[in-house]
Amino acid sequence: MIEQLRSHWQRLLGAERSDHAEDEPAERLQRAAAALIMEVCRADFQLQAEELESVRASLIDLFRLDADTADAMLEIAREESNELISIHPMVREVNAAFDAGQKAEIVRALWRAAWANRDLHKRQEAVIRHLSDLLYVPHSTFIRTKHEVLGDAADPD
């Protein structure tokens, strides 16, 4: 299972979108979401266990994955995230398949990953803002999901 996911992930990273016609659409979306969430985790240059657990939980919640599949997807995303050159293929996948509500759930997962260690780094917030813009998520949704995840910490005194 891990080798199959690794193979598909390699094709995603090294090929154009047209080369993915043979891949399952659900699998492409899972890889794309995992890659976007990992970008937020990596933004502060410190990948922490809490962030990885947040990514895993988000994959299970978003795609109704079993624990083994989520673990395999997380491992591949973690290994390959350093080689990622551009997030735009992943953004295209999400934009093509997800509606506004599903994109809001992705943004919520981005905030959860950033806040998993209870320390929101300014680079992480910048990445979430950028991804929200690329996903055509309204600013109000960006702010609402931030407040839902961070609670009172979203409003500095």
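The following dialogue examines how terms are applied to this predicted model.

Guide: In this predicted model, local features need pLDDT of at least 70 and side-chain atom pairs count only at pLDDT 80 or more, whereas totals for chains, interfaces and linings use all residues. Residues are numbered from 1 along each chain as its sequence is written, and side-chain values use heavy atoms, with hydrogens and water left out.

Visitor: What makes up the secondary structure of the chain?

Guide: The chain has 8 helices and 0 strands. These are DSSP runs numbered from the N terminus: H or I of at least four residues for helices, E of at least two for strands.

Visitor: Why is the pair of Phe63 and Phe98 called tilted?

Guide: Rings of Phe, Tyr and Trp (its six-membered ring) pair if their centres lie within 6.5 Å; planes under 30 degrees apart count as stacked, over 60 as edge-to-face and the rest as tilted. The centres of Phe63 and Phe98 lie 6.3 Å apart and their planes differ by 40 degrees, so the pair is tilted. Phe63 belongs to helix H3 (residues 49–63), while Phe98 lies in the loop between helix H5 (88–97) and helix H6 (100–115).

Visitor: Why is Phe63 called buried?

Guide: Buried means under 20% relative accessible area, exposed over 50%, and partly exposed in between (1.4 Å probe, protein chains only). Phe63 has a value of 17%, so the term buried applies. Phe98, at 11%, is therefore buried as well.

Visitor: Why is the pair of Trp111 and Phe142 called tilted?

Guide: The ring centres of Trp111 and Phe142 are 5.3 Å apart and the planes stand at 50 degrees, so this pair is tilted. Trp111 sits in helix H6 and Phe142 in helix H8 (residues 139–150), 31 residues apart. Both Trp111 and Phe142 are buried.

Visitor: How do you know that the length of helix H2 agrees with the expected span?

Guide: The expected span is 1.5 Å times one less than the number of residues. For the 18 residues of helix H2 (residues 25–42) this gives 26 Å, and the end C-alpha atoms are 26 Å apart, so the two agree.

Visitor: Why is helix H2 described as largely enclosed?

Guide: In H2, 15 of the 18 residues are buried, so the rest of the structure largely encloses this helix.

Visitor: What do the buried residues of H6 pack against?

Guide: The buried residues of H6 pack against H2, H3, H5, helix H7 (122–134) and H8; contact here means heavy atoms within 4.5 Å. Among these buried residues are Ile106, Leu110 and Trp115.
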